[in-house]
Amino acid sequence: MKKISLQTAHRVLLAVGALFFLLGSFQENIWFDESYTVGLVSHSIPDLVRIALTDVHPPLYYVMLWPVAALTGAWLPALRIFSALGAFLILLTGYTHIRRDFGEKTGFWFSLLALLTPSLFEYSYQIRMYTWAALFVLWGAIYARRFFFTPSWKNGILFVLSLVAGAYCHHYGLAAACMVNVVLFCFLLVRKRAAVLPWLGCGVAQIGLFVPGILFFARQVSMVSQGYWISFTYPKILLDTLAFPWFPNIEGIFDDMLFPVWVVGLLLFILPLTMGVWLACSKAKACRTGLLALGIYSAIVAVCLIISLWQPIFHMRYTMVLFGFWLFFLADVLSRIPWKAVQGAFLVCLTALTIGNTVSTVQVLYDSKANVPFDYIRERVQEGDILLYDFVLRGATLVTHCPDIPQIYYNRDRWAADAYEAFAPTMDVVDSLEFLRDFQGTIWIVSDGSHRPLDEIQAMMPVEVVSVSEKMKVRYKNNEYVFIQVKIENNLET
């Protein structure tokens, strides 16, 4: 029987990956960050950029997604497929770039690991910038290395454009661009001083292209300073970060399940690291590039964690932007270790994690009860009714699912009000309930079962509570909805 070549197996892997990353695209679950993306790309390009200036992420991903939204009417599956495309291109890079630069085995393992890492699948269906930011940073690092060996115009231009694109997608992309340039400069200074001048030209080009991004960054630093929602404790954040690639929903895991998750994360980090160091110190001197990639990844994470001692800027999902460094490290190690039993054990372990994660995720994504809250309110709202909520993370999902129903977000804490213009015109933002004194009709208070803001309204004026729905739970991101129908017949002060 003729043996299948590794190149053929790699091509089959790409075909499987193309289908695999589409698994989560055809569903309607959504959470706040995705709703924000949908809101942004529903505006014109100038308004999109202007509103994005008040958020905490650069605008390139939104601008790239805008034509897709314009052509499809912001159809959610189409927006998700765009993220899946970014994930597939990371997988494809193993064949088109890693295979060429590091050989068949490393390229194959890179693509295989991209397919078997649950975190990449998790973000392949989310309407967010992470797969594209990771792709651009990965390409930037690849072309930086090629520029080191062959400082040609082609490699220089692709090196510059890839890193600038990554920086315009996410601020961790900017951090990666800085770190890659520093590492490249150090290597050139030690080994190829004649290429320092071309590198300097690339650096000037990157700075020039990122001048608007610098203005964005300066404005958005103030937004991050208000990001009180970013919080973590040591050493939990370190263990969570190590486990994150394999358990991307670790924040939703109950405390009694965290220990085995941490053990798996530690083992899948320490064992490849140990083997990589052994190979790098052996006569073969292999895996040095892989360890360098891990070093860049770790250095960026360390810097962000140190900065977060004063200003919270670190979140586990932000490490997805650096996914290519971590992935290449694993691929470099696993493709070079001489023990097939160890490779097989890793493969079995990763496959089990992937199957378990995929099955549980797909069950949540395609839950038959996912649209129950939205169907409930659409069936009952009459013309002139409004939705009112004081928790924007829940309310944003209603903007996406019920764009024709007028909605008001009671921004009690007056946080990031300018950024919420992304949800206009469906959502109006108010910082007081005084407007209800001039309102007559029915409002639907959206809550999780608490009495806010109903208590405040009842303290202002006499109202009639017509109905209170049962609590409806959406398994995706564990959102809960209770709809309280309130009728305001007069506006006499009590």
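This is a short tour of a predicted model, with a suggestion at each stop for what to select in your viewer.

**Stop one: helix 8**

Start by selecting residues 130–149, which make up helix 8. From the first C-alpha to the last, these 20 residues reach 29 Å, close to the 28 Å expected at 1.5 Å a residue. Now bring the surroundings back into view. Of the 20 residues in helix 8, 17 are buried, so the rest of the structure largely encloses this helix.

**Stop two: the second largest pocket**

Keep helix 8 highlighted, since it gives the most to the lining of the second largest pocket, with seven residues. The volume of this pocket is about 630 Å³. To find its centre, select Phe102, Arg145, Phe149, Thr289 and Leu292, the closest to that point of the 26 lining residues. Then colour the helices around it: helix 5 (76–102), helix 8, helix 10 (171–191), helix 15 (288–307) and helix 16 (323–336) each supply at least two lining residues. If you colour the lining by class, expect 19 nonpolar, two polar and five charged residues.

**Stop three: two cysteines**

Next, show Cys178 and Cys304 as sticks. Why is there no bond between them? Their sulfurs are 11 Å apart, too far for a bond, and for each of the two the other is the closest cysteine sulfur. The structure as a whole holds zero disulfides. The surroundings of the two cysteines are worth a look as well: Cys178 is partly exposed, with a relative accessible area of 43%, whereas Cys304 is buried at 5%.

**Stop four: aromatic pairs**

There are 29 aromatic pairs in the structure. Select Phe20 and Phe121 to see one that is tilted, with 4.8 Å centre to centre and 35° between the planes. Phe20 belongs to helix 1 (residues 6–20) and Phe121 to helix 7 (residues 118–124), so this pair ties together parts that are 101 residues apart in sequence. Both Phe20 and Phe121 are buried.

For another tilted pair, move to Phe32 and Tyr36, whose ring centres are 6.3 Å apart with the planes at 35°. These two sit four residues apart in helix 2 (residues 32–41), a separation of about one helical turn. Phe32 counts as buried at 14% relative accessibility, and Tyr36 is buried at 4%.

Finish by adding Tyr389, Tyr409, Tyr420 and Phe423 to that selection: ring pairs link these four with Phe32 and Tyr36 into a cluster.

Methods. Residues numbered from 1 in each chain as written. Predicted model: local features only at pLDDT ≥ 70, side-chain atom pairs only at ≥ 80, totals over all residues. Heavy atoms only, no water. Expected span 1.5 Å × (residues − 1). Buried < 20%, exposed > 50% of the residue type's maximum accessible area, 1.4 Å probe, protein only. Disulfide = S-S within 2.5 Å. 1 Å grid on protein atoms, 1.4 Å probe; cavity = no way out; pocket = protein on both sides within 12 Å on 5 of 7 lines; lining within 4 Å. Points joined across faces, edges and corners; volume = space filled by probe spheres on them. Nonpolar A, V, L, I, M, F, W, Y, C, P; charged D, E, K, R; others polar. Phe/Tyr/Trp six-rings, centres within 6.5 Å; stacked < 30°, edge-to-face > 60°.
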